[in-house]
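I opened my notebook to look up how the helices pack here. My notes follow, in the order I took them.

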Amino acid sequence: MPTIRDFRDLRVYRAAYEGAMLVFAASKRFPEDERFGLTSQARRSSRSVAANIAEAWRKRRYPAAFVAKLSDADAEVAETRAHLDFALGFGYLDPRAYRRLDDHYERLTRQLVRMMSNPDRWTPGRASGRAAGAARVSPGPPRPRAGKPKADVSPDPTGAREPAPVRSEEVRSRGAARKGPSE
């Protein structure tokens, strides 16, 4: 599986971006009097699909939020398809161009539905086979276990059993101080 570094590496995002570009190109031929109506609405909803996928990717730490943003993207797909229906009905799109766009958005819907049906595949913290560090976000602190804390971990005054997280600047400075010539 290829490493996913950010939302731009997702096939579903690239398909959404391509769809928005296709809608933009097709809508250039819409009449001038539709500029603030159908043209802008179709362009806006098609771009919103990609934007919602990007937002979903950043919210993947929280499966419910991830699915909600993907659902928003799916709703924007439906809106885009409705605008394309009107464009066909008004004669602004020829049937071949309409079918091409509608098929593109149908495939995009299937991709989104698969992602929403399997959010654990996309959310961090699962054993996914991804390269270390790729498409992962460090999970929150471990949950306290019943019983006594381990001897090397002393409870803090707030009652938490795990030590407070260390900021990345502290880790870098500690790591730099410990590195030897072989590192």
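**Helix packing notes**

I began with helix α3 (residues 63-89) and α4, whose axes come within 10 Å and cross at roughly 165°. I keep in mind that this is a predicted model. An angle over 145 degrees counts as roughly antiparallel, so I noted α3 as roughly antiparallel to α4. I then checked the hand, and the crossing of α3 and α4 is left-handed.

Which residues make this contact? From α3 I listed Phe66, Val67, Leu70, Ser71, Ala73, Asp74, Val77, Thr80, Arg81, Leu84, Asp85 and Leu88. Facing them from α4 I found Pro95, Tyr98, Leu101, Asp102, Tyr105, Glu106, Leu108, Thr109, Leu112, Met115 and Met116. Sorted by class, the contact of α3 with α4 holds 15 nonpolar, 3 polar and 5 charged residues.

**Next entry: α1 against α4**

I moved on to helix α1 (residues 11-27) and helix α4 (residues 95-117). Their axes come within 10 Å, and I read a crossing of roughly 155°. That makes this pair roughly antiparallel. I wrote down the hand of the crossing of α1 and α4 as left-handed.

For the α1 side of the contact I copied out Arg11, Val12, Ala15, Ala16, Glu18, Gly19, Ala20, Leu22, Val23 and Ala26. These meet Arg100, Leu101, His104, Tyr105, Leu108, Gln111, Leu112 and Met115 in α4. How do the residues of this contact divide by class? I have 12 nonpolar, 3 polar and 3 charged for α1 with α4.

A cross-check of my two lists was worthwhile: Leu101, Tyr105, Leu108, Leu112 and Met115 of α4 appear in the contact with α1 and also in the contact with α3.

**Next entry: α2 against α3**

Here the axes of α2 and α3 come within 8 Å and cross at roughly 160°. I therefore entered α2 as roughly antiparallel to α3. As for the hand, α2 passes α3 in a left-handed crossing. By class I noted 12 nonpolar, 7 polar and 6 charged residues in the contact of α2 with α3.

**Last entry: α2 on its own**

Does its length fit a helix, or depart from one? Helix α2 (residues 35-58) has 24 residues, so at 1.5 Å a residue I expected a span of 34 Å. The end C-alpha atoms of α2 are 33 Å apart, which agrees. I also looked for a bend, and α2 bends by about 25° at glutamine 41.

How values were computed
Residues numbered from 1 in each chain as written. Predicted model: local features only at pLDDT ≥ 70, side-chain atom pairs only at ≥ 80, totals over all residues. Heavy atoms only, no water. Helix = DSSP H or I, 4+ residues; strand = E, 2+ residues; numbered from the N terminus. Expected span 1.5 Å × (residues − 1). Bend = angle between axes of the 7 residues up to and from the residue. Axes fitted to C-alpha atoms, helices over the stretch in contact; angles between N-to-C directions. Parallel < 35°, antiparallel > 145°, perpendicular 65-115°, else oblique. Left-handed = near helix turned anticlockwise from the far one by under 90°. Contact = heavy atoms within 4.5 Å. Nonpolar A, V, L, I, M, F, W, Y, C, P; charged D, E, K, R; others polar.
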